[in-house]
Amino acid sequence: MNIVISGLGIIGGSFAKALKKYTDHYITGLNRSPKPLNDALECGAIDEIGTPDSLKKADLLILGTFPQAAVEFVEKNAHLIPQNCIVADTSGIKSEICPRMTELSKQYGFTFVGCHPMAGKEKNGFSASDADLFCGASCILIPGSASFEAVDKVAKLADKIGFGQIVYSTPEEHDRMIAFTSQLPHAIACSYVLSPVCKKHKGFSAGSYRDVSRVAHINEKLWTELFMENKQPLIEEMDILINNLNDIKNALQTGDRDELEKLLAKSRQVKEGLGE
């Protein structure tokens with residue numbers, strides 16, 4: 001296939017490197033700034049630096065940009081995208097993206113498949129991209145109105161570049177689950193390191209500190225967009241977390257040892273019940 005990747009940050013760059021490592025597809029890169037393009041061409045992650053006209057030959061377009069930027073790119077260039085082309089985003093939210101992309105696909109004739117690779121690092125940019133970033137990771141696909149053949153083509157490509165499992169979902173289910181599994185942990189980590197004692201942690205911290213604080217090394221522009229566009233599911237998960245923290249806090253304040261032990265035991269049982 002002729003594959004065009006728009007946006008060569010950590011995700012788009014990792015797709016380019018993985019596709020070159022594990023497949024024989026021809027990769028064209030598009031990016032707003034030139035340095036990632038030049039770096040990608042130099043290291044062999046892409047075969048050529050493209051222009052919007054490169055979309056005319058695309059069999060697959062992968063959008064590696066922020067959610068709104070992905071929609072804006074397609075809105076601006078949809079007239080160049082062939083009707084046999086599959087367009088796949090990589091956004092961390094779907095309810096705000098998928099309906100708009102599906103509408104554009106029906107208007108211009110291309111096929112849209114929502115895609116969310118559940119992989120990443122604390123660092124960003126092409127320099128942080130990795131051909132093996134997706135190895136063993138989950139790839140969430142949102143079929144929407146796409147044909148079985150188109151969705152299957154994306155799924156097989158994901159499998160070929162190392163994804164460990166393919167999960168099919170709807171935009172609503174995706175955003176509800178991601179609020180819990182991804183966005184809430186980022187909010188927790190950011191809240192955690194805002195403690196005034198955080199700056200003094202060295203010498204007093206080990207695995208627990210690293211586990212909780214790791215994702216506080218955050219891309220604030222991206223995550224502000226993700227939080228705001230998925231705010232209701234995220235707020236609901238925050239409310240649940242706050243209630244659970246208050247239960248533990250109240251047991252401490254009242255000196256209720258039995259209640260505290262019961263709460264801690266319940267959390268252990270939930271975790272063990274998941275086999276983790």
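This section describes the overall architecture of a predicted model and then the salt bridges found among its charged side chains.

The chain comprises 276 residues, of which 43% count as buried, and its secondary structure consists of ten helices and eight strands. Taken along the principal axes, the box filled by the C-alpha atoms is roughly 70 × 40 × 30 Å. Among the contacts in the chain with a separation of 6 or more, 74% are made by residues lying 24 or more positions apart. The surface exposed by the chain amounts to about 15300 Å², and 54% of this area is supplied by carbon and sulfur atoms.

With regard to charge, the chain carries 30 positive and 35 negative side chains, and the centres of these two sets are 6 Å apart. Pairing between positive and negative side chains gives a count of twelve salt bridges, and several of these are described here individually, together with the accessibility of the residues where it was computed.

In helix 2, which spans residues 34-43, K35 and D39 are four residues apart and are thus separated by about one helical turn; their side chains meet in a salt bridge with an N to O distance of 2.7 Å. The two partners of this bridge fall into separate accessibility classes, since K35 is exposed, with a relative accessible area of 55%, whereas D39, at 26% relative accessibility, counts as partly exposed.

A second bridge joins D89 to K94, and here the closest N and O atoms are likewise 2.7 Å apart. In this pair both D89 and K94 are buried, which means that each has a relative accessible area under 20%.

A further salt bridge is formed by the side chains of K271 and E276, with 2.9 Å between N and O. E276 is exposed, its relative accessible area being 63%, while K271 counts as partly exposed at 43% relative accessibility. The bridge between K271 and E276 therefore pairs a partly exposed lysine with an exposed glutamate.

Besides these pairs, salt bridges also occur in a linked arrangement, in which R176, E236 and E237 belong to one network. The salt bridges described for this predicted model thus include the pair K35 and D39 within helix 2, the buried pair D89 and K94, the pair K271 and E276, and the network that links R176 with E236 and E237.

Conventions:
Residues are numbered from 1 along each chain as its sequence is written. This is a predicted model: local features need pLDDT of at least 70, side-chain atom pairs count only at pLDDT 80 or more; totals for chains, interfaces and linings use all residues. Side-chain values use heavy atoms; hydrogens and water are left out. Helices (H or I, at least four residues) and strands (E, at least two) are DSSP runs, numbered from the N terminus. Buried means under 20% relative accessible area, exposed over 50%, partly exposed in between (1.4 Å probe, protein chains only). Contact means heavy atoms within 4.5 Å. Accessible areas come from the Shrake-Rupley method with a 1.4 Å probe; for residues, only the protein chains shown count as cover. Lys and Arg count as positive and Asp and Glu as negative; His and the chain ends are not counted. The place of a charge is taken as NZ of Lys, CZ of Arg, CG of Asp or CD of Glu. A salt bridge is a side-chain nitrogen of Lys or Arg within 4 Å of a carboxyl oxygen of Asp or Glu.
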